[in-house]
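Okay, thanks everyone for coming. I'll just talk through what's on the screen, and you can stop me whenever you like.

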Amino acid sequence: MSGEIALLIAATIASGTPLALAGLGLLVNEKAGVLNLGAEGMMLVAAIAGFAAAFHSGSQWLAFAAGAGAGMILAAGFGVLVIWLGTNQYATGLALSLFGFGFSAFVGVQYVGKKLGEHVSFAVPFLADIPFLGPALFRQHPLAYVAMLLAALLAWFLYRSRQGLVLRAIGESPDSAHSLGYGVRWIRLAAVVAGGALCGVAGAFLSVVYAPLWVEGLTAGRGWIALALTPFATWRPARVLLGAYLFGGVTMLQFQLQAAGVQISSQFLSMLPYLATIVVLVLISRNPAWIRINMPASLGKPFHPSA
Amino acid sequence: MNTAATGTVPRLRLTGIRKAYPSVVANDGVDLTVMPGEIHAVLGENGAGKSTLMKIIYGVVKPDAGEIRWEDRPVEIANPHAARALGIAMVFQHFSLFDTLTAAENVWLGLDRAQSLAEVTAGIRAKAAEYGLEVDPERPVHTLSVGERQRVEIVRALLAEPRLLILDEPTSVLTPQAVEKLFVTLRLLAERGCSILYISHKLDEIRALCHTCTVLRGGRVTGVADPRGETSAGLSRLMIGAEPPKLQHRPVERGPVALETRALSLERQDQFGVTLGAIDLQVHAGEVVGIAGVSGNGQQELLAALSGEDRRARPGSVMLLGVDVARASAGRRRRQGLHFVPEERLGRAAVPTMGLAHNLLLTRREPVRAGGWLDLRRMSAMAQAIIERYNVKAGGPASVARSLSGGNLQKYIVGREIDAKPKVLIVAQPTWGVDVGASAQIRAALLALRDAGCAVLVVSEELDELFEISDRLYVIARGRLSPPIGTSTATPERIGQWMSGLWAEAPGAAPMPGEVAHAPA
Amino acid sequence: MLRLEPRPQPSRAMSIASPVIALALTILIAGVLFVVLGKDPVRGLSMFFVEPLRNVRGLTEVALKATPLVLCALGLAVCYRANVWNIGAEGQFLLGAIAAGGVALYVTTQGIAAPQWAMTPVVLVAGMLGGMAWASITALARDRFNANEILVSLMLVYVAQQLLNYLVFGPWKDPQGFNFPQTKTFVAATLLPNLVPQSRLHIGFAIMLVLVAGFWVFMFRSWRGFQLQVGGLAPDAARYAGFSGRTALWTALLVSGGMAGLAGAMEAAGPLRQLTPHVSTGYGFTAIIVCFVGRLHPVGCLFAGVLLSMLLIGGELGQSRLGLPNALTGVFQGLLLFLLLACDTLIHYRVRWVRQHPTAVAS
């Protein structure tokens with residue numbers, strides 16, 4: 001029994017890792033005041049880029065690099081449009097998602113049904129042999145630990161470093177930051193590109209490690225769920241991580257319930273993560289004052305330097 | 001007392017500065033010379049080009065033409081970093097502080113040198129003590145009063161050991177007592193050799209504080225003078241080209257009470273707001289009542305309760321023409337004759353990207369026919385009539401609101417409301433940012449409305465304006481309203497005292513909320 | 001170097017030229033893409049822009065595919081102008097199909113005899129109500145709980161897809177259907193009557209045209225339409241004017257949900273005549289693009305709907321005749337939207353060539 005729970009925990013962490021990576025990337029975006037609705041599109045393009053890279057080279061790490069690169073390029077394009085040309089952030093992000101869906105489907109046609117190499121399993125030496133905790137926590141893919149480390153690093157960066165302070169200031173009031181002489185647009189672009197890189201790694205993780213395969217629309221809405229994570233976590237890195245694991249757990253729940261022979265159709269169980277997202281959104285948004293205190297004040301609004 | 005000009009080399013010299021924008025030439029061949037240790041005023045009406053000039057000096061804006069010399073060397077100030085490197089510091093009119101960060105973090109952001117947060121915090125305490133400014137570095141900015149925020153801005157500027165300090169309209173948010181304290185600090189700074197550029201349109205202050213005064217009008221320099229040797233009338237003539245226009249004052253023939261609040265109390269909606277406490281206000285038909293007060297003392301909240309944008313008031317606490325409207329919507333109050341001109345023009349009183357004719361529909365319902373059909377021709381005709389009657393310079397009824405200058409848009413908006421023949425008109429900051437000519441027209445229109453029997457309520461930060469057009473005055477401070485006082489018996493000093501909340505309390509009145517918590521501004 | 005200068009008044013000319021420029025650029029890139037794929041660019045482009053219009057049958061197919069796109073886009077235009085970001089039109093479309101299909105299936109299986117002129121409207125209205133009901137979940141979430149409508153409406157798309165799957169794989173599956181996930185074919189009385197003989201084009205196309213005119217009137221000549229637009233352009237002004245944000249929200253979502261539901265009903269009761277998991281080929285998402293390319297304007301949506309319908313058909317033709325992957329259509333759609341947004345900046349900004357600004361050196 002405890003072995004089952006340990007496996008469930010491990011599966012939850014694995015399932016939550018891509019959400020965590022994408023969520024942290026979007027957090028950086030939003031702290032700077034930019035809302036990138038193109039997360040789903042970036043993850044999809046990165047997923048196929050990563051899959052293709054892994055397929056042709058046999059290297060997972062090359063795949064992650066390819067995914068990150070794809071995410072960064074798309075994010076940069078989005079950033080230029082939104083930050084310099086001042087296009088509507090919502091519409092441009094949507095355009096990115098729609099484009100990403102079509103583009104990944106197009107490029108991925110030749111990879112449907114293809115298999116990657118041997119499945120590699122990871123284990124942290126010594127720690128992986130601890131009863132219960134070992135299988136639960138220490139047999140994850142390295143990226144799972146990267147995600148946890150990243151959450152800690154981001155927390156330090158945002159709240160203890162000067163650069164993080166600048167980022168938060170820009171997110172709150174780009175006009176004030178601009179009059180202080182900070183390069184608001186370049187810093188925002190950097191945040192957007194960093195976010196794109198992380199979403200890219202998350203997408204590649206899905207296609208190369210988690211699935212591992214490619215079909216059209218592989219991410220199945222995870223990019224959107226990652227967007228819901230940031231307000232759920234009141235824009236704090238540690239809570240993004242927690243939220244990611246929560247959603248990962250809900251996703252795993254459907255398999256557990258099926259395996260346990262629960263008499264609910266598979267389609268309803270598949271609805272669980274999405275319904276959970278709605279419930280979470282409703283619960284956290286109920287108090288508008290709370291959102292106002294925690295949300296970066298300039299989120300979604302365009303910035304036009306007055307010079 | 002005058003320790004200025006300790007040398008013949010000017011600290012800053014601008015020659016032939018020019019800056020043009022698509023719709024206006026902000027600076028046209030401006031010369032400016034500031035000596036070391038001098039307190040130099042830049043005087044001009046709103047829109048004269050003062051802010052643009054200061055932005056050029058601080059590197060936020062690049063001039064199209066002209067030369068800048070710093071201590072007799074030609075320089076190019078590419079950005080605020082470069083300005084700060086030269087030793088120029090600036091305190092903006094609208095503070096560039098971040099609400100969710102502490103005072104120390106805010107100052108840290110504004111400094112270029114690599115110091116730790118702890119060092120900056122210690123430095124703030126030291127500098128504040130040196131100049132007698134009360135600043136707590138650890139408090140988040142959103143908990144600070146407006147006066148305290150300005151002190152944070154000033155300390156930030158002082159920490160950079162500036163050689164030139166620019167202050168843009170520093171006293172618009174201060175009570176008269178706080179202004180005096182500020183002047184003490186500035187005189188101390190000047191004695192130590194720092195030059196000060198003091199931007200203002202307040203003649204009395206300039207005459208009390210400054211050694212020299214450069215006057216701007218329409219983007220050009222109309223004169224340089226020593227303000228202590230000039231009269232207010234003389235400076236005013238340089239500033240607006242004529243004596244300030246005198247408005248006729250008729251003896252007041254008041255009618256019955258048209259708008260009234262009875263012990264209006266309202267909890268603030270969020271931590272940045274102000275709670276209103278037991279406000280008793282009366283405006284009679286045929287009179288102009290002014291509400292004075294530094295912004296941030298509850299004006300927005302009171303106006304929202306009166307206009308119907310905030311409907312939480314207790315029933316019976318807001319009465320319009322004898323009818324209880326405390327819970328009534330803005331639309332219903334408008335139908336009963338209450339019209340409102342808010343402080344924000346673009347984005348609230350008018351939709352920036354819609355034409356003037358369409359903007360008419362925000363507060364006027366005449367062109368809406370039965371069944372919800374819009375009569376476009378009537379909208380256009382009504383808008384055209386307002387444009388002509390109030391001398392609005394616009395392309396026509398189809399011009400979008402944001403293509404108009406501030407003054408013209410304000411004329412259109414005020415005209416739109418007056419045209420509705422309201423029984424009560426509430427106006428907030430009627431001439432803020434409006435040029436002199438349009439200001440005079442607007443004030444005259446308000447007085448004409450009063451003479452026609454309307455009840456007019458004006459909320460303004462400009463004491464001069466209130467004294468000019470009001471029959472009676474109230475002062476709002478920290479969410480409470482003073483007793484009324486006739487304009488003829490009021491003095492600026494007394495009003496200044498009241499702006500700190502120090503009016504004589506009626507016996508048995510409750511103490512003001514938060515009185516102990518905040519230090520007086 | 002190039003610099004963007006704000007225009008004092010938005011340029012009317014650019015407002016119309018921008019989609020044209022974006023389209024031209026898309027065509028250019030498409031041509032390049034064809035060359036890269038080793039196909040003749042002229043032939044490739046003609047698949048998308050010429051072939052679909054070649055004959056009457058082609059035209060009816062374009063009109064047929066344009067109908068659901070335009071219907072959805074009309075509703076979305078109202079939504080977006082009110083600044084309500086309904087992204088879940090796809091889900092509302094599916095619920096419309098489910099509701100309409102449910103009614104039609106009931107009539108079919110129960111053998112209810114009723115004339116077409118009575119039955120079809122019931123089916124269509126059921127579809128509208130289904131779409132409205134689905135959209136009202138989003139409206140409630142935003143109205144009562146301040147939840148972001150983008151995410152809620154989008155999550156509901158995934159839920160709707162699963163719901164359709166459940167019904168079609170489960171209780172509504174045709175027992176004589178060889179275990180395929182599909183319902184019985186609907187009886188003729190519930191279907192939409194044909195508009196052009198020998199084609200699949202039904203009266204839904206005519207209904208759509210009428211609605212285009214109706215929405216134009218609503219948006220630009222009606223008081224309620226004006227209120228919605230003010231709410232979208234300047235929410236503070238709407239509050240000042242006393243316009244109810246709540247009314248605007250519900251109106252926008254119910255209208256767009258109803259239109260998407262109607263479109264879904266027309267698909268189910270029109271060309272498909274049954275429910276399958278593939279009732280929608282992403283119409284709800286493509287409609288978002290139609291809406292933007294159409295400048296959120298009803299007549300613009302009509303033209304944009306025709307254009308994107310051609311792209312959809314072109315994709316199918318390209319696949320069957322040239323061996324190009326069908327997913328190419330999605331690439332072009334996304335590209336078009338991107339380029340459109342970029343070109344739109346020219347409406348509000350002028351491009352100027354500015355020399356390095358003069359250094360502050362004295363005469």
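So, let me start with a helix pair in chain B: helix 13 and helix 14 of chain B are roughly parallel to each other, because an angle under 35 degrees gets that label. The axes of helix 13, residues 406-419, and helix 14, residues 436-451, cross at roughly 10° and come within 10 Å. And keep in mind, before I go on, that this is a predicted model.

Who does the touching in that pair? On helix 13 of chain B you've got B:Gly407, B:Asn408, B:Gln410, B:Lys411, B:Val414 and B:Ile418, and across from them on helix 14 of chain B sit B:Ala438, B:Gln441, B:Ile442, B:Ala445 and B:Leu449. Sort that contact by class and you get 6 nonpolar, 4 polar and 1 charged residues.

Just ahead of there in chain B, look at the loop between helix 12, 376-389, and helix 13, which is where B:Asn391 lies. B:Asn391 isn't a glycine, yet its phi is positive, about 60°. For background, most residues other than glycine have a negative phi. Is B:Asn391 buried or exposed? It's exposed, since 12 other C-beta atoms lie within 10 Å and the exposed class takes 12 or fewer.

Chain C has a similar story to tell. C:Asn146 is in the loop between helix 5, 116-145, and helix 6, 149-169, of chain C. Here too we have a residue that is not a glycine with a positive phi of about 60°. C:Asn146 has 17 C-beta neighbours inside 10 Å, so it counts as partly exposed.

While we're on chain C, let's zoom out. Chain C holds 13 helices and 2 strands. Its C-alpha trace spans about 95 × 60 × 35 Å along the principal axes. How does the radius of gyration of chain C sit against a compact globule? For 363 residues you'd expect something near 21 Å, and chain C has 23 Å, which agrees. Of those 363 residues, 55% are buried. And if you take contacts in chain C between residues at least 6 apart in sequence, 78% of them join residues at least 24 apart.

Now over to chain A, and its helix 2, residues 39-57. That helix has 19 residues and reaches 26 Å from first C-alpha to last, close to the 27 Å expected at 1.5 Å a residue. Helix 2 of chain A is mostly covered, with 16 of its 19 residues buried. Right after helix 2 of chain A comes A:Gly58, with a positive phi of about 75°.

Last topic: how the chains meet. Between chain A and chain C, 36 residues of chain A are in contact with 36 residues of chain C. On the chain A side, the elements giving two or more residues are helix 4 (89-108), helix 10 (222-232) and helix 12 (266-285). Helix 4 of chain A gives the most, with 12 residues. That side of chain A divides into 25 nonpolar, 10 polar and 1 charged.

Then there's chain B against chain A, where the contact takes 17 residues from chain B and 12 residues from chain A. On the chain B side, helix 2 (80-86) and helix 3 (103-110) are the elements that give two or more residues. The largest share there, 3 residues, comes from helix 3 of chain B. By class, that side of chain B has 8 nonpolar, 5 polar and 4 charged residues.

Okay, that's my tour. Questions?

Technical notes
Residues numbered from 1 in each chain as written. Chains lettered and ligands numbered in written order. Predicted model: local features only at pLDDT ≥ 70, side-chain atom pairs only at ≥ 80, totals over all residues. Contact = placed C-beta atoms within 7 Å. Helix = DSSP H or I, 4+ residues; strand = E, 2+ residues; numbered from the N terminus. Nonpolar A, V, L, I, M, F, W, Y, C, P; charged D, E, K, R; others polar. Expected span 1.5 Å × (residues − 1). Buried ≥ 20, exposed ≤ 12 C-beta atoms within 10 Å, placed from the backbone. Rg over C-alpha atoms; globule rule 2.2 N^0.38 Å. Axes fitted to C-alpha atoms, helices over the stretch in contact; angles between N-to-C directions. Parallel < 35°, antiparallel > 145°, perpendicular 65-115°, else oblique.
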